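Welcome to a short set of exercises. Keep the viewer open, try each task yourself, and then walk through the solution.

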Amino acid sequence: MSTDLTRIRDKAQQQTKLVFTSLYHHVTDVDNLRECYKLLDGNKATGIDYVSKIEYAKNLERNLRELSSRLKHMGYRPQPKKRVYIPKPGSDKGRPLGISSFEDKIVELSVKRVIEPLFETLFEDCSYGYRPGRNPHQCIDALGRTIQQQRVNYVVEADIRGFFDNVNHEWLIKFLKQRIGDPRVLRLVIRMLKAGIMENGLRQQGQVGTPQGSILSPLLSNIYLHYVLDLWFQRRIRQRCRGQAFLFRFADDFLACFQYSGDAENFHASLNDRLEGFNLTLAEEKTRRIAFGKYARENANRNGAKPQEFDFLGFSFYCGKTRNGHFKVKRKTSRKKLSQSAFKLAEWLRWYKNKKPTSELVRVAKTRVTGHLNYYAVTDNGKHCHLYVYLTTRILFKWLNRRSQRKSYDWKGFNQMLSHAGWPRARIHINLNPFSQTSNV
């Protein structure tokens with residue numbers, strides 16, 4: 001980070017109520033734009049102009065100087081984002097993403113580097129998504145320890161319907177003005193939001209929302225929900241609760257924990273009105289209040305039922321037991337995520353089984369399995385990790401042997417090949433034990 005940006009960060013930390021009135025020259029600085037160019041991945045999808053990082057680099061210095069000049073004279077106009085869809089469970093069309101052109105990515109990253117330090121010092125500890133030095137495992141670890149060690153008896157799961165598509169631009173600018181007093185920065189952000197989407201050759205004007213896929217979108221979503229949800233919960237909801245209350249949020253995924261049922265009910269009842277005031281809608285079918293905690297298992301067994309579970313960040317949290325029979329918060333890979341991951345690997349192998357050599361099929365399959373284990377191989381989830389390795393091994397064996405009428409492998413030869421390739425094993429390497437003093441996340 002440059003010296004100028006470091007000074008902005010230090011000043012933002014020291015004066016949390018300061019409104020910065022001179023920021024735009026940092027955004028337009030050629031050195032900052034050059035650094036942003038270096039930080040961008042050249043293998044990402046291109047925007048509507050199909051210009052890649054390699055193409056942009058052919059006249060890099062001239063391109064950066066021209067970009068800086070257009071920014072300084074407010075002549076820069078972001079291009080519409082290219083609409084693409086990625087697979088999404090329960091949706092035939094998929095999850096929509098907006099892919100920016102490479103030059104727009106440079107500007108988005110430049111703006112992000114300038115304004116992120118202003119708000120990072122304001123964000124609450126309950127916010128974990130897309131923040132420097134924070135990751136999903138830290139959020140999951142904090143949630144488990146809170147339920148285990150605090151007086152938590154109820155959990156409210158909540159879901160915002162189409163959050164990124166419904167962010168209100170007027171409210172967002174009001175929130176940005178809490179720290180940004182430079183009208184040129186605000187005008188540039190508005191232009192980015194209004195650039196719109198290009199789909200099937202037609203441009204859709206951006207009236208609301210901040211497209212997923214944009215470099216700036218995660219930061220803007222955190223700013224929006226900081227004022228809409230986090231501060232409201234900490235300053236209003238917790239103050240009204242009779243007992244303890246905790247919020248955990250990762251981007252637009254969040255849940256709340258409460259000591260008393262009445263506090264959980266009041267939060268659930270008031271949440272929809274709060275969100276509607278900022279152009280957001282609560283997905284009622286995905287929102288519920290459940291009993292969860294130290295006494296949930298005993299109460300459920302007394303009523304002849306099983307204690308309820310809840311899903312968060314790909315894990316199912318359930319009321320488990322220690323070897324001594326005491327309550328313990330445990331996690332396992334959610335059924336949906338386990339089946340999705342195995343299905344995606346099977347679909348990839350089915351499509352490419354006759355298009356790529358065996359070594360490439362095994363390498364990609366290994367990479368996918370390793371990536372899954374890197375996230376899900378946490379304390380108490382060994383059984384489901386072993387199940388995933390078992391399923392993916394079977395899937396790989398099946399599709400390697402379907403490339404021709406003659407089998408490529410028997411099980412002995414297949415296992416030897418996997419051993420030679422260093423096929424991953426299900427080993428727990430992330431400590432999320434709620435009883436331990438420290439964790440390794």
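**Exercise 1. The sheet of four strands**

In what order do the strands of the open sheet of four strands lie, and is their pairing parallel or antiparallel?

*Solution.* A word on the source first: you are looking at a predicted model. Step one is to read across the sheet, which gives β6-β7-β3-β8. The pairing is antiparallel. Step two is to look at the edges, where β6 (245–250) and β8 (288–291) stand. Each has a single partner strand, so one side of each is left without a neighbour in the sheet. Step three is the twist: ignoring direction, neighbouring strands are turned by 20° against each other on average.

Now go inside the sheet. Strand β3 (residues 154–159) pairs with strand β7 (residues 253–258) over six bridges, in the antiparallel sense. To find a bridge by eye, start at D159, whose partner in β7 is D253.

**Exercise 2. Helices on the sheet**

Find the strands that helix α7 lies across, and give its angle to β6.

*Solution.* Begin with α7 (residues 136–149), which lies across β6 and β7. Helix α7 runs at about 165° to β6. Then turn to α10, which also packs on the sheet and touches β6 and β7. The direction of α10 makes about 175° with that of β6.

**Exercise 3. Two nonpolar cores**

Which residues have the most contacts inside the largest nonpolar core, and which helix gives the most to this core?

*Solution.* The largest nonpolar core has 73 residues, and I106, L176, F258 and F267 have the most contacts inside it. Helix α10 (residues 217–240) gives the most to this core, contributing 12 residues. Next, select I106 and leave aside its neighbours within four places in sequence: its contacts are L33, C36, Y37, L40, Y56, L64 and L67. Finally, look for a second, separate core, which has 56 residues, among them A251, I290, F292 and C319.

**Exercise 4. A296 and its surroundings**

Is A296 buried or exposed?

*Solution.* Locate A296 in helix α12 (residues 296–302). The relative accessibility of A296 is 9%. Buried means under 20%, so A296 counts as buried. To see what surrounds A296, leave aside its neighbours within four places in sequence; the contacts are A291, P307 and C319. Take C319 from that list: A296 and C319 are 23 residues apart in sequence, and their C-alpha atoms are 7.5 Å apart in space.

**Exercise 5. The sheet of three strands**

Work out the strand order of the open sheet of three strands, and name its edge strands.

*Solution.* The order is β9-β10-β11, with antiparallel pairing. At the edges are β9 (310–312) and β11 (327–333), each pairing on one side only. From one strand to the next, the twist averages 40°. Now count the bridges between β10 (residues 315–321) and β11: there are seven, and the two strands run antiparallel. One pair to check is S316 with its bridge partner K332 in β11.

**Exercise 6. The second largest pocket**

How many residues line the second largest pocket, and which lie nearest its centre?

*Solution.* The lining has 15 residues, and K44, K105, G213, S214 and I215 lie nearest the centre. The space in this pocket is about 400 Å³. For the elements involved, check β2 (91–99) and α6 (102–120), each of which supplies at least two residues of the lining. Helix α6 gives the most, with three residues.

Methods:
Residues are numbered from 1 along each chain as its sequence is written. This is a predicted model: local features need pLDDT of at least 70, side-chain atom pairs count only at pLDDT 80 or more; totals for chains, interfaces and linings use all residues. Side-chain values use heavy atoms; hydrogens and water are left out. Two strands pair if DSSP finds at least two bridges between them. Axes are lines fitted to C-alpha atoms, for helices over the stretch in contact, and angles run from 0 to 180 degrees between N-to-C directions. A nonpolar core is a set of buried Ala, Val, Leu, Ile, Met, Phe, Trp, Tyr and Cys residues joined through side-chain atoms within 4.5 Å. Buried means under 20% relative accessible area, exposed over 50%, partly exposed in between (1.4 Å probe, protein chains only). Contact means heavy atoms within 4.5 Å. On a 1 Å grid over the protein atoms alone, a cavity is a set of points where a 1.4 Å probe fits but cannot get out, and a pocket is an open set with protein on both sides within 12 Å along at least five of seven lines; lining residues have an atom within 4 Å of a point. Grid points are joined across faces, edges and corners, and a volume is the space filled by probe spheres set on the points.
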